[in-house]
Amino acid sequence: MSRIIRSVLIVFLFFPGALAFAQEAAAPAAPFLRDLAAEHNLLIGTSLQRGGLNNPGVRKTAPREFDSLTIENELKPASVSGGPGSYFYIAPDYMIAWGEEHGMKIRGHTLVWHNSVPSWLKKANLKKDQVLAFLQDYIATVVGRYKGRIYAWDVLNEVLDEKGRLRDGKTSFWAETCGDGYIEEPFRWARAADPKARLFINDYGVAVVNAKSNGLYALVKKLLARQVPIDGVGFQCHVAEKSPPNFKSVAENVRRFIALGLEVQFTELDVRIQGEPTPEQLKHQAEIYAGFFEIAVLTRGVTGVTLWGAADPVSWIPGAYNGFGSALLFDDEYNPKPAYFAVKEALGRGRLKNK
Ligand code: G3I
């Protein structure tokens, strides 16, 4: 055993406090991400699942770093609606109260999504008018229940196909039963139920200028011209470390939506890594995170960035992408990764953008 290692062991053996000190040295110190983001009037959020909230690491890390909470699954219609007039509120009620207790603003996710149609509704064989009547009642009830407590709703989620056209009936129950009739009214119903909630359209694959984001831009412009109450656009931003976006294009894309008078949020940011991450991959991941946060900090009108999960152990990635993981800012022990420090640095620059 080298003399150095022996001396270190002796220090820890006789001075156990030194061990605690060494562990604490790895822990992040104030100011935390939410403190820095607040200087820009930028919300920094995390999504969480009810199960993740049983985890002490999550309960400690999330409220320390984030001031916005997206309910990851528990406000999706398939989770909430058990049948006509039947609602499951236990999980979202608990999560929302927990977030509020920690001074977090709550994002509602989501009201209309082809991937979260209540199973009873799919089987009910209803006609267009009946489906829309359900949707109106559902939105009035759920948005109304949380009026004043959910500051923003993803009203529509993923309604576009890869080419930027509205989904057709092959991939969307809503398109199948209602044609395009489910696009505008949900915003009006949500506005009526909670006039102060910010209403978003949210999608993936739209962070850069491409066919899909061009379609989104055209759709949103049309909705605005038709007085549809839409306040913001959400870019999900699920990114692979090997394929970062062109950040010039992200910035240009963000700006064109803001020029329409809308706010923009990066609503589901994560950067997945294939295999056991190498130091180079972690560094590259950190640069990608910094790229998003630099745009958020420098562009007036970007109002929030939400990480899709508080830390690697509760990320959706390993379950959805075989062999991928390590997508978030904190590792399996809830220690900050290089990406955390890169975000911190980006938040430390370009102050007071939104003030
Ligand atoms: O809770 C059950 C558990 O009891 C069961 O044993 C297990 C077996 O499969 O499933 C668990 O439910 C899973 C749930 O996540 C909770 O972990 C569902 O199967 C699974 O489908 C669900 O996945 C969620 C997915 O949306 C579908 O709703 C992910 O957590 C969630 O991160 C993901 O989020 C979406 C956004 O809403 C929209 N944008 C894309 C994003 C990622 O797919």
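In this predicted model, glutamate 241 is in contact with Val271, Arg272, Ile273, Gln281, His284, Gln285 and Ile288, once its neighbours within four places in sequence are left aside. The residue lies in the loop between E9 and helix H12 (247-258). Glutamate 241 counts as buried because its relative accessibility is 7%, and the cut-off for that class is under 20%. Lysine 283 stands 42 residues from glutamate 241 in sequence, and the two C-alpha atoms are 10.0 Å apart in space.

Glutamine 274 gives a second view of this region. It is found in strand E10, which covers residues 263-274. With a relative accessible area of 41%, glutamine 274 is partly exposed. Its contacts, again without the neighbours within four places in sequence, are Lys242, Gln281, Gly323 and Phe324. Gln281 is thus among the contacts of glutamine 274 and is also listed for glutamate 241. Valine 228 is 46 residues away from glutamine 274 in sequence, and the C-alpha to C-alpha separation of this pair is 41 Å.

A charged side chain away from solvent can also be followed at lysine 212. This residue is found in helix H11, residues 211-225. Is lysine 212 buried or exposed? Its relative accessibility is 2%, so lysine 212 counts as buried. The side chain of lysine 212 reaches the backbone oxygen of tyrosine 204 at a distance of 3.0 Å. Not counting residues up to four places away in sequence, lysine 212 touches Leu160, Asp161, Glu162, Lys163 and Gly164, and also Asp203, Tyr204, Gly205 and Val206. Tyr204 therefore appears in the contact list of lysine 212 as well as in its side-chain polar contact, a pair of N or O atoms within 3.5 Å.

The ligand comes next. Of the 13 residues around the ligand, the ones that come nearest are Glu72, Asn73, Lys76, His109 and Glu268. Atom distances can be given for several side chains. Glutamate 72 places a polar side-chain atom 2.6 Å from an oxygen atom of the ligand. For glutamate 268, a polar side-chain atom lies 2.7 Å from a nitrogen atom of the ligand. Tryptophan 308 has a polar side-chain atom 3.0 Å from an oxygen atom of the ligand.

His109, one of the residues that come nearest to the ligand, also takes part in an unusual backbone feature. Most residues other than glycine have a negative phi, and most peptide bonds are trans. The bond joining histidine 109 and threonine 110 is a cis peptide bond, with omega about 5 degrees. Threonine 110 lies in strand E5, residues 105-113. A cis peptide bond is also present from alanine 30 to proline 31, where omega is near 0 degrees. Proline 31 is found in the loop between helix H2 (16-26) and helix H3 (33-38).

Positive phi values occur at cysteine 237 and serine 326. Cysteine 237 is not a glycine, yet its phi is positive at about 70 degrees. It is found in the loop between strand E8 (232-235) and strand E9 (238-240). At 6% relative accessibility, cysteine 237 counts as buried. Serine 326, likewise a residue other than glycine, has a positive phi near 50 degrees. Serine 326 sits in the loop between strand E12 (324-325) and helix H15 (338-348). Its relative accessibility is 19%, so serine 326 counts as buried under a cut-off of 20%.

From that loop the text moves to helix H15 itself. Which residues of H15 are buried? They are Ala339, Tyr340, Ala342, Val343, Lys344, Ala346 and Leu347. An α-helix has 3.6 residues a turn, so residues three or four places apart point the same way. The buried residues of H15 pack against H3, strand E1 (43-48), helix H4 (56-65) and helix H13 (279-298).

The last topic is enclosed space. Rolling a probe the size of a water molecule over the atoms shows where empty space is left. The count comes to one cavity of 30 Å³ or more, and the largest cavity has a volume of about 30 Å³. Its lining is formed by Val112, Trp113, His114, Asn157, Glu158, Val159, Arg167, Ser172, Trp174 and Tyr182. These lining residues divide into five nonpolar, three polar and two charged.

Methods
Residues are numbered from 1 along each chain as its sequence is written. This is a predicted model: local features need pLDDT of at least 70, side-chain atom pairs count only at pLDDT 80 or more; totals for chains, interfaces and linings use all residues. Side-chain values use heavy atoms; hydrogens and water are left out. On a 1 Å grid over the protein atoms alone, a cavity is a set of points where a 1.4 Å probe fits but cannot get out, and a pocket is an open set with protein on both sides within 12 Å along at least five of seven lines; lining residues have an atom within 4 Å of a point. Grid points are joined across faces, edges and corners, and a volume is the space filled by probe spheres set on the points. Ala, Val, Leu, Ile, Met, Phe, Trp, Tyr, Cys and Pro count as nonpolar, Asp, Glu, Lys and Arg as charged, and the others, Gly among them, as polar. Helices (H or I, at least four residues) and strands (E, at least two) are DSSP runs, numbered from the N terminus. Buried means under 20% relative accessible area, exposed over 50%, partly exposed in between (1.4 Å probe, protein chains only). A polar contact is a pair of N or O atoms within 3.5 Å; within protein, one must be able to donate a hydrogen and the other to accept it, and residues adjacent in sequence count only if both atoms are side-chain atoms. Contact means heavy atoms within 4.5 Å. A residue is near a molecule or strand if one of its heavy atoms lies within 4 Å of it.
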